[in-house]
Each structure stands twice: as structure tokens, then as C-alpha cells.
Amino acid sequence: MLQDFSSATLQEARPSVVATERLTLRRPTLADVRTISRLANDRRIAENTRRLPHPYSQDDAVAFVRATAEFGSDSVFLIEHDTTPVGMVGIDCSTPDAELGFWLGVEHWGRGFATEAARGAIDFFFEEFDGDHLHAGARVTNPASRNVLEKCGFQWSGVKLHRFLALGSSTPVDCFRLSRGVWSSLKSWSSARRMR
Ligand SMILES: CC(C)(COP(=O)(O)OP(=O)(O)OC[C@H]1O[C@@H](n2cnc3c(N)ncnc32)[C@H](O)[C@@H]1OP(=O)(O)O)[C@@H](O)C(=O)NCCC(=O)NCCS
């Protein structure tokens, strides 16, 4: 079962920053709204993410940052590389099926950042929450996202229709699932490899 987000003590106890080899994942603030709206305002991003509007304005970014603060979404992170924001990664824990989502500004695609950020967020989820599964989806026309999910250990679980705000319609989505057991085996395997 997921932990109760209304518990201030638990939220304060969770780390607010996740560091990976090249990236820092941190909570977005109102100081980031210009950058978030500039990065997110691209149809290639909106058409592959379920809830991003297009065009994406600074007001959309303000509403997003306020909502993450208000609802205690301590699993939503701005991704930074060398202190430059490059995108967002987050886990929506508002339903029993916790779901991973991510996007990067187009100029930052193709450098492995999404995989690295997704791994950081996944570790955070399994280390800080007691959920047993993490879900994710990629449009069937989105091989980059599917690759990221598979590299993180997600397993395909079927195809569903999901509504995409920017499309104004529903479209087929490959659904994926990562269990705590698979995550934990992959972690042990990669730390054993590092020690060799
Ligand atoms: C999906 C997205 C986050 C990928 O970002 P990224 O930093 O380029 O991803 P990575 O570099 O970590 O990994 C992408 C992988 O897909 C591969 N890939 C990229 N485009 C591809 C394509 N058209 N066909 C096949 N594979 C492709 C890359 O080669 C890479 O695999 P590799 O490491 O084995 O070479 C980025 O394209 C994006 O923001 N897209 C729009 C939003 C989105 O789709 N979000 C995910 C849905 S929630």
C-alpha cells in the first residue's frame, strides 16, 4: 500500500534531491516556471505525454508547480544536468497504480538522460514508498520511450487506449509494469557487476 501523502512527518523525512551519475533530480519551484514552459512547449513532447497541454504556457507551468506543492507530490522532479534544467520525471502516486512519466526538452534527447533520470526516480520510489509495482505507458508510436522503460526493467503488459490532452483524443498505448522483485534483482545484479 502507498504511504499517506498527508503525513507531513513522512514527507519531510524523504530526501528532496536524488543524485545520479550525471543528473540531479529536485523538486520544481516557482523560480523554474520559465524554463519548464520553454522546455515543455513542443508538440513532440505534448503528443507523447498524457496530460501536457499544447501550447504550454508559463501559466501552465505555474499551475503545475503549485499543484505539486499543494498535493505534496514529493515524487515529481525537475531533471538538471550541470545545474541546467533538461526535463521532468515523476511518479504519480495519486492512484493505487503508481505511474512513472518523463519528458525531456528536445535539445536534450539522445544522451541517455531519460534512462538515467527514470532509474533515479524508480530507485526513489521503491526505496521511499512501499508500493510493490510501478506502471508506465508509451504510445505505440514512441520507440524511444519504450526503450527507456525496457532498459529500466519494465515488462510489457498489454495495450490500452488512453486519452492524450494535446491530441484531444484517445490513442493506443503500450502498458508496462515493473515489480519490486525485478527492480531489486536488477539492483543487486548491477552492484555485483560494479564490484567485479
Ligand atoms: C522519450 C524521451 C524521454 C527519451 O529521451 P532520451 O534522453 O533521448 O532517452 P535515452 O537517450 O535515455 O534513451 C532512448 C533510447 O531510445 C532509442 N531511440 C530513440 N529514438 C528511437 C527511435 N525512433 N527508434 C528506436 N529507438 C529509438 C535511443 O537509441 C535510446 O536507446 P539506446 O540507449 O539503447 O541507444 C524523449 O524522447 C521525450 O521526451 N519524448 C517526448 C515525451 C515522451 O515520450 N515521454 C515518455 C512517455 S511518458
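User: What makes T83 count as exposed, and where does T83 lie?

Analyst: In this predicted model, T83 lies in the loop between strand 3 and strand 4. Its relative accessibility is 68%, and because exposed means over 50%, T83 counts as exposed.

User: What is notable about the phi of T83?

Analyst: T83 is not a glycine, although its phi is positive, at about 65 degrees. Most residues other than glycine have a negative phi.

User: Why is D82 called exposed or buried, and which loop holds D82?

Analyst: D82 is found in the loop between strand 3 (76-81) and strand 4 (84-92). With a relative accessibility of 62%, set against the cut-off of over 50%, D82 is therefore called exposed. Phi of D82 is also positive, near 50 degrees, in a residue other than glycine.

User: Why is T68 called buried or exposed?

Analyst: T68, which is found in helix 4 (residues 58-70), has a relative accessible area of 11%; since buried means under 20%, T68 is therefore classed as buried.

User: Which residues does T68 touch, not counting those up to four places away in sequence?

Analyst: T68 touches P28, S73 and V76 on that count. As for R27, T68 is 41 residues away from it in sequence, while the two are 8.7 Å apart in space, C-alpha to C-alpha.

User: How do you know that the peptide bond between H54 and P55 is cis, and where is P55 placed?

Analyst: Omega of the bond joining H54 and P55 is about -5 degrees, and the bond is cis, whereas most peptide bonds are trans. P55 has its place in the loop between helix 3 (43-46) and helix 4.

Conventions:
Residues numbered from 1 in each chain as written. Predicted model: local features only at pLDDT ≥ 70, side-chain atom pairs only at ≥ 80, totals over all residues. Heavy atoms only, no water. Helix = DSSP H or I, 4+ residues; strand = E, 2+ residues; numbered from the N terminus. Buried < 20%, exposed > 50% of the residue type's maximum accessible area, 1.4 Å probe, protein only. Contact = heavy atoms within 4.5 Å.
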